[in-house]
Amino acid sequence: MTEVSKRDVLQSRLDSRFEHVWNESDTRIRDAIFFQIASHGWKTKFDGFDECLVNVSANLPNGTSVYRRAVFTSGETSSKFAEEVLLETISDVCSSSVNQCVGMVSDTFKKSVLKNLASRYHWMIHLVCPWNHV
């Protein structure tokens, strides 16, 4: 096993590796015919604090999930904020062709955010995932 020095982790090697992985995942998402945005963690407390770490990823047609972003939230997250995070993620991925996103999966906000998005983007299928963290 190769030992990693602190210098490698804290300097350009880490930045370079992140850039490479980011570009690779970005290419995989953009090359897909369609994708689905998945988010979870809206209700999960982070290390016992009143904060949540929300993970947003893209589910691709070949069955893989590609990390897209993580968002820290504090306290109760409004449905408006959740909707903005999801829409920003979609816009970031597809630029002008929002039709490439065929749906969203989330572990909360089923009554507000997903319904709002379904009425605005009628081609999308919105699902509440079965593991509803509390």
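Val71 touches Cys52, Leu53, Val54, Phe81 and Val85, leaving out residues up to four places away in sequence; contact here means heavy atoms within 4.5 Å. Val71 sits in strand S3 (residues 65-74), and helices (H or I, at least four residues) and strands (E, at least two) are DSSP runs numbered from the N terminus. This is a predicted model, in which local features need pLDDT of at least 70 and side-chain atom pairs count only at pLDDT 80 or more, while totals for chains, interfaces and linings use all residues. Residues are numbered from 1 along each chain as its sequence is written, and side-chain values use heavy atoms, with hydrogens and water left out.

**More on Val71**
- With a relative accessible area of 9%, Val71 is buried; the cut-offs are under 20% relative accessible area for buried, over 50% for exposed and partly exposed in between (1.4 Å probe, protein chains only).
- Val71 and Asn55 are 16 residues apart in sequence, yet 6.6 Å apart in space, C-alpha to C-alpha.

**The chain as a whole**
- The chain has four helices and five strands.
- Reading from the N terminus, the elements go α-α-β-β-β-α-β-α-β.
- Of the chain's 134 residues, 35% count as buried.
- Take the contacts between residues at least 6 apart in sequence: 50% of them join residues at least 24 apart.
- About 8600 Å² of the chain is exposed, and carbon and sulfur atoms supply 55% of that; accessible areas come from the Shrake-Rupley method with a 1.4 Å probe, and for residues only the protein chains shown count as cover.

**Where H3 meets H4**
- Helix H3 (residues 79-94) and helix H4 (residues 113-120) pack at an angle of about 50 degrees, and their axes are 9 Å apart. Axes are lines fitted to C-alpha atoms, for helices over the stretch in contact, and angles run from 0 to 180 degrees between N-to-C directions.
- H3 and H4 are therefore oblique to each other. Under 35 degrees counts as roughly parallel, over 145 as roughly antiparallel, 65 to 115 as roughly perpendicular, and the rest as oblique.
- The crossing of H3 and H4 is right-handed, meaning that the near helix is turned clockwise from the far one by less than a right angle (anticlockwise would be left-handed).
- On the H3 side, the contact is made by Ser79, Ala82, Glu83, Leu86 and Leu87, and on the H4 side by Val113, Asn116, Leu117 and Arg120.
- Sort the residues of that H3 and H4 contact by type and you get five nonpolar, two polar and two charged. Here Ala, Val, Leu, Ile, Met, Phe, Trp, Tyr, Cys and Pro count as nonpolar, Asp, Glu, Lys and Arg as charged, and the others, Gly among them, as polar.

**Buried residues in S1 and S2**
- Ser39 is found in strand S1 (residues 35-40), and Ser39 is buried, with a relative accessible area of 2%.
- Beyond its neighbours within four places in sequence, Ser39 is in contact with Val54, Asn55, Val56, Leu86, Val105, Ser106 and Asp107.
- Cys52 belongs to strand S2 (residues 51-59), and at 2% relative accessibility Cys52 counts as buried.
- The C-alpha atoms of Cys52 and Thr77 are separated by 9.0 Å, with their positions 25 residues apart along the chain.

**A loop residue and a helix residue**
- Gln100 is in the loop between H3 and strand S4 (101-106); at 13% relative accessibility, Gln100 counts as buried.
- Not counting residues up to four places away in sequence, Gln100 touches Ile29, Arg30, Ala32, Ile33, Phe34, Phe35 and Cys94.
- Gln100 and Ile90 are 10 residues apart along the chain, and their C-alpha atoms are separated by 8.9 Å.
- Asp31 has its place in helix H2 (residues 12-31), and Asp31 is exposed, with a relative accessible area of 61%.
- From Asp31 to Leu60 it's 29 residues in sequence and 9.8 Å in space, C-alpha to C-alpha.
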